[in-house]
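Colleague: I should be grateful for a close look at the largest cavity of this protein. Which residues line the largest cavity?

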Amino acid sequence: MTAPQELKQIVSDGLLSFPVTDFDAIGDFNARGYAERLEWLAPFGATALFAAGGTGEFFSLTPQDYSAVIKTAVDTCAGKVPILAGAGGPTRLAIEYAKEAERLGAKGVLLMPHYLTEASLDGIAAHVEQVCKAVNIGVIVYNRANSKLGADQLERLAENCPNLIGFKDGVGDIERMVQIRRRMGDRFSYLGGLPTAEVYAAAYRALGVPVYSSAVFNFIPKTAMKFYRAVCNNDQETIGHLLDTFFLPYLEIRNRRAGYAVSIVKAGARLVGRDAGPVRAPLTDLLPDELAALDALIKKVEG
């Protein structure tokens, strides 16, 4: 087992990513295709991969799917790249997912929102604390949607949960992010988690959030790594070129429909010959004209 503090060091540097989850033509989990995807992605240099994350359609997986996805990821990537597992939903269900991830050998857990119901800050903190205390592996809390913590709650959680080692921001509230970063210092590893995180990467690095997770790593891993290195080196020419030629036009396609943040990644994988099958309902796949536009963008950066 990877100790929580060891995991903190692992995810404090480098590029992270969320592999899409492979489904067959009728929408069932395709373990063979998923294993081949992970084998393809592993050598490109991501520091860690998040199995069954948001881009991996965690929200649409059955418990049986979840176990199969995490087991496949852990077995395939053993000795190559650390696997963290998504977990979320109602507190007791999130605990069961986290325990299953630990049993299957995941190095840590990314705790996603509790979904649907609104809750007070204290209630969200209690949710996080209960999940942390149910496992021994490291936990990264994902601040997004209706699950948003502030510096006060994180300070208490840091005291009560030694294995809470990371904070991932998917909200983009700069004031709150500065407060958390200044209050908590190096207690956590800080990760950028906004959709298409590359657009915000340089700004977040200036805030003290040097690490982010790349969805486009799923289909243009070389370009994703090139952009990450440019951000690290403050290479403004490369950053500007890739924003203009790929990422900003990519956002125009992604923003056409709700849920396209996942759908467009699966579309990209299909276009580069790494088809992961369709998205599951309630998501919808890209339309033909959108696929064509995405294909043109990919060819600009990957040739």
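Modeller: The account below begins with the whole protein and then turns to the cavity.

This is a predicted model, in which local features need pLDDT of at least 70 and side-chain atom pairs count only at pLDDT 80 or more, while totals for chains, interfaces and linings use all residues. Residues are numbered from 1 along each chain as its sequence is written, and side-chain values use heavy atoms, with hydrogens and water left out.

The protein contains 12 helices and eight strands; helices (H or I, at least four residues) and strands (E, at least two) are DSSP runs, numbered from the N terminus. Its radius of gyration is 18 Å, close to the 19 Å that the globule rule gives for 303 residues, so the protein is as compact as a globular protein of that length. That radius is taken over C-alpha atoms, and the globule rule is 2.2 Å times the number of residues to the power 0.38. The C-alpha trace spans about 50 × 45 × 40 Å along its principal axes. Of the 303 residues, 56% are buried, where buried means under 20% relative accessible area, exposed over 50%, and partly exposed in between (1.4 Å probe, protein chains only).

Within this protein there is one cavity of 30 Å³ or more. On a 1 Å grid over the protein atoms alone, a cavity is a set of points where a 1.4 Å probe fits but cannot get out, and lining residues have an atom within 4 Å of a point. Grid points are joined across faces, edges and corners, and a volume is the space filled by probe spheres set on the points. By this reckoning, the largest cavity holds about 70 Å³ of space.

The lining of the largest cavity consists of Gly192, Gly193, Leu194, Ala197, Tyr200, Ala201, Tyr204, Val209, Pro210, Val211 and Tyr212. Two elements, α8 (198-206) and β8 (211-214), give two or more residues to this lining. Helix α8 gives the most, with three residues. By class, the lining residues divide into nine nonpolar, two polar and no charged. Here Ala, Val, Leu, Ile, Met, Phe, Trp, Tyr, Cys and Pro count as nonpolar, Asp, Glu, Lys and Arg as charged, and the others, Gly among them, as polar.

Definitions and conventions. On a 1 Å grid over the protein atoms alone, a cavity is a set of points where a 1.4 Å probe fits but cannot get out, and a pocket is an open set with protein on both sides within 12 Å along at least five of seven lines; lining residues have an atom within 4 Å of a point.
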